[in-house]
Every structure is written in structure tokens, then in C-alpha cells.
Amino acid sequence: MSTTNSATAAWLTQEAFDRLKAELDHLSGPGRAEIVQKIEAARQEGDLKENGGYHAAKEEQGKIEARIRQLTALLRDAHVGESPADDGIVEPGMIVVANIAGDEESFLLGSREIAGDSELDVFSEKSPLGAAIVGHKQGDQLSYTAPNGKVITVEIISAKPYVG
């Protein structure tokens with residue numbers, strides 16, 4: 001388990017951390033070996049300028065390497081822990097229901113990686129909305145300035161710990 005108090009740290013459940021670690025282990029081991037084999041097989045086909053299989057494999061390799069870098073940084077800086085306390089105070093790892101500019105929305109405050117494959121909307125705690133609502137509780141009304149300069153009103157309806 002890796003923990004840090006860095007401002008750039010993402011909060012992750014142990015389950016999300018383990019899932020992402022398994023993905024990283026696969027990509028940096030067998031995943032790399034598979035793509036190297038694909039590139040080598042495509043290289044054997046001849047002229048690299050007109051070899052679609054070779055170029056596709058090289059593009060796939062670039063995507064894998066980018067994902068490896070993303071996962072490495074995320075896991076290195078992650079704060080892994082239990083779900084936040086069910087005290088109604090908005091913090092990373094909470095499902096927040098809020099009235100935002102007149103529309104009721106429900107979302108996870110934290111990293112997209114926590115929600116995995118779920119259809120749940122996710123807002124980073126570093127986003128303008130996330131930064132504005134952290135530390136607030138049910139019934140609090142506030143406003144924040146969106147990147148386009150518009151002032152948006154928010155009322156916190158509820159905040160409950162996310163259970164993945």
C-alpha cells in the first residue's frame with residue numbers, strides 16, 4: 001500500500017488500487033511482450049513504409065506505454081484507504097447529490113479510476129466544482145466561478161461514501 005499527503009495524490013479504494021496495479025503489471029510485463037511480438041511479426045512482412053500492420057502495432061505500443069506512465073504516476077502518488085466517514089461532509093470518495101445551477105446531479109468526487117467501468121459521473125476534487133464543494137455538507141449553499149467565467153450556484157443535497 002502506498003500513501004502520500006501530496007496535493008496531487010488521488011484517493012483510491014484498496015480495490016481500485018489493486019485493480020490498477022494488476023493492469024499495470026500486465027501491461028508492463030505480458031502486454032509489452034505481446035506488442036513487441038506483433039511489431040516483429042509485422043516487420044518481417046517487408047517494406048515498413050507501406051506496412052499497415054507495423055504502423056498499427058507501433059501505435060498500439062505508444063498507447064500502452066502512455067497508459068503505463070499514467071498508471072505508474074497515479075499509483076505512486078495515490079492515497080489508498082478506507083472509504084471516507086459517513087459524516088455528510090464532502091470529500092474525495094463520496095457520492096455527492098447536489099443541485100447545480102438548478103439541476104440535480106449525482107456524481108462521485110474523486111478519480112475516474114475509482115469508479116472503474118461504472119456509468120457513474122466523476123468530478124475531480126481538483127476541478128472548479130470539486131474544489132468549491134470539498135469540506136461542505138448537506139444543506140450548504142455556495143457558488144463558484146466556472147472556467148468560462150460564469151458564476152454557478154450549488155446546493156449540497158447529500159454526500160455518502162462510495163461503495164464500489
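## Starting at one bridge

Let's start with a single match-up: Ile100 has Val154, in strand E7, as its bridge partner. Keep in mind that this is a predicted model. The two strands involved are E3, covering residues 94-100, and E7, and they run antiparallel to each other, joined over seven bridges. In general, strands in a sheet pair up through backbone hydrogen bonds, in either a parallel or an antiparallel way.

## The sheet as a whole

Now zoom out. The sheet is an open one with five strands, in the order E5-E4-E3-E7-E6, and its pairing is mixed. Which strands stand at the edges? They are E5 and E6 (141-145); each has just a single partner strand, so one side of each has no neighbour in the sheet.

The mix shows up when you go through the pairs. E3 and E4 are antiparallel, with seven bridges, while E4 and E5 are parallel, with two bridges.

## The turn from E3 to E4

E3 and E4 make a hairpin with two residues between the strands. Ala101 sits in the loop that joins them. What stands out about its backbone? Ala101 has a positive phi of about 50°, even though it isn't a glycine.

Across this hairpin, Val96 stands opposite Phe107 in E4. Both of these residues turn up again below.

## A pair of rings

The structure holds one aromatic pair. Its members are Phe107 and Phe123, arranged edge-to-face, with 4.8 Å from centre to centre and 75° between the planes. The angle counts as edge-to-face because it is over 60 degrees.

The pair links distant parts of the chain: Phe107 belongs to strand E4 (residues 103-109) and Phe123 to strand E5 (residues 122-123), 16 residues apart. Phe123 also has a backbone match, as the bridge partner of Leu109.

Are these rings' residues buried or exposed? Phe107 is buried, at 0% relative accessibility. Phe123 is partly exposed, with a relative accessible area of 26%. That value is too high for buried, because buried means under 20%.

## Ser158 in strand E7

Back to E7, which spans residues 151-161 and includes Ser158. This serine has a relative accessible area of 17%, so it counts as buried.

What does Ser158 touch, apart from neighbours within four places in sequence? Its contacts are Ile95, Val96, Val97 and Gln138. Val96 is the residue opposite Phe107, and Phe107 is in turn one of the two aromatic partners.

Terms used. Residues numbered from 1 in each chain as written. Predicted model: local features only at pLDDT ≥ 70, side-chain atom pairs only at ≥ 80, totals over all residues. Heavy atoms only, no water. Phe/Tyr/Trp six-rings, centres within 6.5 Å; stacked < 30°, edge-to-face > 60°. Helix = DSSP H or I, 4+ residues; strand = E, 2+ residues; numbered from the N terminus. Buried < 20%, exposed > 50% of the residue type's maximum accessible area, 1.4 Å probe, protein only. Contact = heavy atoms within 4.5 Å. Pairing = 2+ DSSP bridges.
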